[in-house]
Structures are given as C-alpha cells and as structure tokens.
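Got your viewer open? Load the model shown here, switch to cartoon view, and let's go through it one selection at a time.

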Amino acid sequence: MSDSVNQARAFEVLTATPVRSRRAPRDWSDDDKARLVSETLLPGANTSAIARAAGLEPSQLYGWRRKTLASGSIAPLEKAPSEEVRFARVEPVSGSAIEIVVGDVVVRVTGDIDPDHLAKILQAVRKA
C-alpha cells in the first residue's frame with residue numbers, strides 16, 4: 001500500500017467571471033421588417049440569404065414572416081390562380097388620390113387615411 005494517501009496536499013482554487021460577448025439587440029423598424037418579409041415572399045427567394053445579407057439570423061426573419069402571415073396582413077397563395085395574374089401598373093398622377101387594385105376590385109383612397117384602417121380594408125377585400 002502506498003504512503004501517499006496520508007501526505008499533505010496543496011490545492012489551488014481558481015476564480016473567474018464569465019465573459020459575455022453578446023452583441024446588443026438591434027431595433028428593427030416596422031418598415032425594415034416589412035421590406036425584408038416582402039422580399040422573402042418573392043418567387044425563388046432564399047429567406048436565409050436575405051436574412052444574412054441584412055445582418056440578421058434567419059430564424060428571426062422566419063419568425064417575423066410567421067407573425068405577418070398569422071396576422072392576416074399578407075396571405076400566401078393556397079392554390080395556383082385560375083386566372084392570369086396581372087401586375088399593378090404605377091403611373092404618377094397629380095393629386096393625392098391612390099388606387100389600389102386587388103384582383104378585380106379597385107380601392108380608391110383620397111386624403112389622409114390611417115394606415116391601420118387601410119390595412120383592415122385591404123384585409124376585408126382579400127377575404128371577399
């Protein structure tokens with residue numbers, strides 16, 4: 001049997017504090033979020049590449065997209081359209097009237113309108 005069991009031993013206690021190198025969260029404006037989410041909805045868009053190009057984690061952009069779809073602000077196509085898809089044509093006009101074409105419905109907006117109210121109108125038009 002070894003005699004080293006009964007010998008005196010020295011212990012050194014190391015103390016340290018963890019270093020946190022977490023970057024500060026960035027506040028994204030609603031316009032930036034809307035722009036990035038709309039880019040992901042374009043045909044052939046790569047959501048991960050769009051997120052990384054903007055300096056953001058892909059999971060964050062997927063989360064914004066999921067919330068936007070759940071809110072009803074936008075809706076993905078459930079099936080292929082039976083009619084030919086026509087794109088809106090933008091022409092500068094004098095005056096403050098705006099025309100928004102959704103399918104075969106035209107929404108005309110004149111003067112000041114609350115953006116939230118306009119969003120609700122457009123949601124109702126999409127559901128109809």
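Start by colouring by secondary structure and following the protein chain along its sequence: the pattern reads α-α-α-β-β-α. That makes four helices and two strands. Keep in mind that this is a predicted model. Of the 128 residues in the chain, 14% are buried.

**Stop 1: the largest core**

Select Trp 28, Leu 36, Val 37, Ile 50, Ala 51, Leu 56, Leu 61 and Trp 64, and show their side chains. These eight residues form the largest nonpolar core. Now colour α1 (30-40), α2 (47-53) and α3 (58-71): each of these helices supplies at least two residues of the core. Grouping like this fits a wider habit: in soluble globular proteins, nonpolar side chains tend to be buried together.

**Stop 2: two tryptophans**

Zoom in on Trp 28. Which residues does Trp 28 touch, leaving out those up to four places away in sequence? You should find Lys 33, Leu 36, Ala 54, Leu 56 and Trp 64.

Now keep just Trp 28 and Trp 64 on screen. Both are buried, and they make up the one aromatic pair in the structure. Their ring centres are 5.6 Å apart and their planes meet at 70°; pairs with planes over 60 degrees apart count as edge-to-face, so this pair is edge-to-face. Trace the chain between them, too: Trp 28 sits in the segment before α1 and Trp 64 in helix α3, 36 residues apart, so the pair links distant parts of the chain.

**Stop 3: helix α4**

Next, select residues 115-127, which are helix α4. Try your distance tool on the C-alpha atoms at the two ends: they are 18 Å apart, which agrees with the 18 Å that 13 residues should span at 1.5 Å a residue.

Show Leu 118, Leu 122 and Val 125, which are buried in α4. Why do they lie on the same side of α4? They do because they cover an arc of only 55° around the axis. The general rule helps here: an α-helix has 3.6 residues a turn, so residues three or four places apart point the same way.

Turn the helix over, and on the face away from its buried side you'll meet the exposed residues Asp 116, Lys 120 and Lys 127.

**Stop 4: what α4 packs against**

Finally, add β1 (98-102) and β2 (105-109), which the buried residues of α4 pack against. Select Val 107, Val 109, Leu 118 and Val 125 here: they are among the five residues of a second core, separate from the one at the first stop.

How values were computed. Residues are numbered from 1 along each chain as its sequence is written. This is a predicted model: local features need pLDDT of at least 70, side-chain atom pairs count only at pLDDT 80 or more; totals for chains, interfaces and linings use all residues. Side-chain values use heavy atoms; hydrogens and water are left out. The expected span of a helix is 1.5 Å times one less than its number of residues. Buried means under 20% relative accessible area, exposed over 50%, partly exposed in between (1.4 Å probe, protein chains only). The arc is that of the directions from the helix axis to the C-beta atoms. Contact means heavy atoms within 4.5 Å. A nonpolar core is a set of buried Ala, Val, Leu, Ile, Met, Phe, Trp, Tyr and Cys residues joined through side-chain atoms within 4.5 Å. Rings of Phe, Tyr and Trp (its six-membered ring) pair if their centres lie within 6.5 Å; planes under 30 degrees apart count as stacked, over 60 as edge-to-face and the rest as tilted.
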